[in-house]
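Hi,

Here is the structure I promised to send over. Have a look at it first, and my notes on the charged side chains follow below.

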Amino acid sequence: MLSYYSPGRRLAVAAFFIAGFSCAAAAQDAIVTFKSLAPDVAVEAAQAALASCRDEGFQIAVSVVDRGGNLQATIRDQFAGPHTPDTSYRKAWTAVSFRTDTLELAELTEEGEAWAIRNISNALPLGGGVQIVAGDGSMLGAIGVSGAPSGSADKACADAGLAAIDDKIAF
């Protein structure tokens, strides 16, 4: 039996405290925190992208997804094609999934091994999907636009949506 002051008891008590501290550290490592785009800001970005495309005479759909690719907002202009809401969502989802703007991804996947990305469900490497990144580099989500005459025109409208919320995410 260990006496109250024995070296064995002191060692047992020390081991108990070390184990307790390592469990607390492990518990901290088990929880992940991240930043996410507020729904009102997602809608604001979508509305600004829509307005930008309208100013250019384009009828589009725009979608905003969070950092997990979950839909936060979609707006389809009255004369935009029936395919545009799904296409805008897929462009935003692709930008988040591959952490790359889809205009760049379109070029990267034209040939070579990266071409296989085009066979992934929901992936759509066409211009118009742009990441939404906070000022500290945290990815908050992405915005996708579909319906303008080109991927670069879709991207320009998406960029206008980002510019409208830049002051809110530049933390």
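**Charged pairs and a patch**

Lys168 is partly exposed, as its relative accessible area is 41%. Keep in mind that this is a predicted model.

What does Lys168 pair with? Its side chain meets that of Glu44 in a salt bridge, at 2.5 Å from N to O. That contact links distant parts of the chain, since Lys168 sits in helix H5 (residues 151-169) and Glu44 in helix H2 (residues 39-55), 124 residues apart. Glu44 also counts as partly exposed, with 26% relative accessibility.

The count of salt bridges comes to five, and two others are worth a look.

One of them joins Lys91 and Asp154, whose closest N and O atoms are 2.7 Å apart. Lys91 belongs to helix H3 (residues 84-98) and Asp154 to helix H5, so this pair ties together parts 63 residues apart in sequence. Are these two buried or exposed? Lys91 is at 3% relative accessibility, so it counts as buried, and Asp154 counts as buried too, at 4%.

Another is made by Asp159 and Lys155, with 2.8 Å between the closest N and O atoms. These two are four residues apart in helix H5, so about one helical turn separates them. Asp159 is partly exposed, at 30% relative accessible area.

Finally, there is a negative surface patch, formed by Glu104, Glu107, Glu110 and Glu111. Of these, Glu107 is found in helix H4 (residues 102-108). Its relative accessibility is 56%, and exposed means over 50%, so Glu107 counts as exposed.

Cheers

Methods: Residues numbered from 1 in each chain as written. Predicted model: local features only at pLDDT ≥ 70, side-chain atom pairs only at ≥ 80, totals over all residues. Heavy atoms only, no water. Patch = residues over 30% accessible without salt bridge, like charges linked within 9 Å, V, L, I, M, F, W, Y side chains within 5 Å. Areas by Shrake-Rupley, 256 points an atom, 1.4 Å probe, with all protein chains shown as cover. Salt bridge = Lys/Arg side-chain N within 4 Å of Asp/Glu carboxyl O. Lys, Arg positive; Asp, Glu negative; His and termini not counted. Charge placed at Lys NZ, Arg CZ, Asp CG, Glu CD. Buried < 20%, exposed > 50% of the residue type's maximum accessible area, 1.4 Å probe, protein only.
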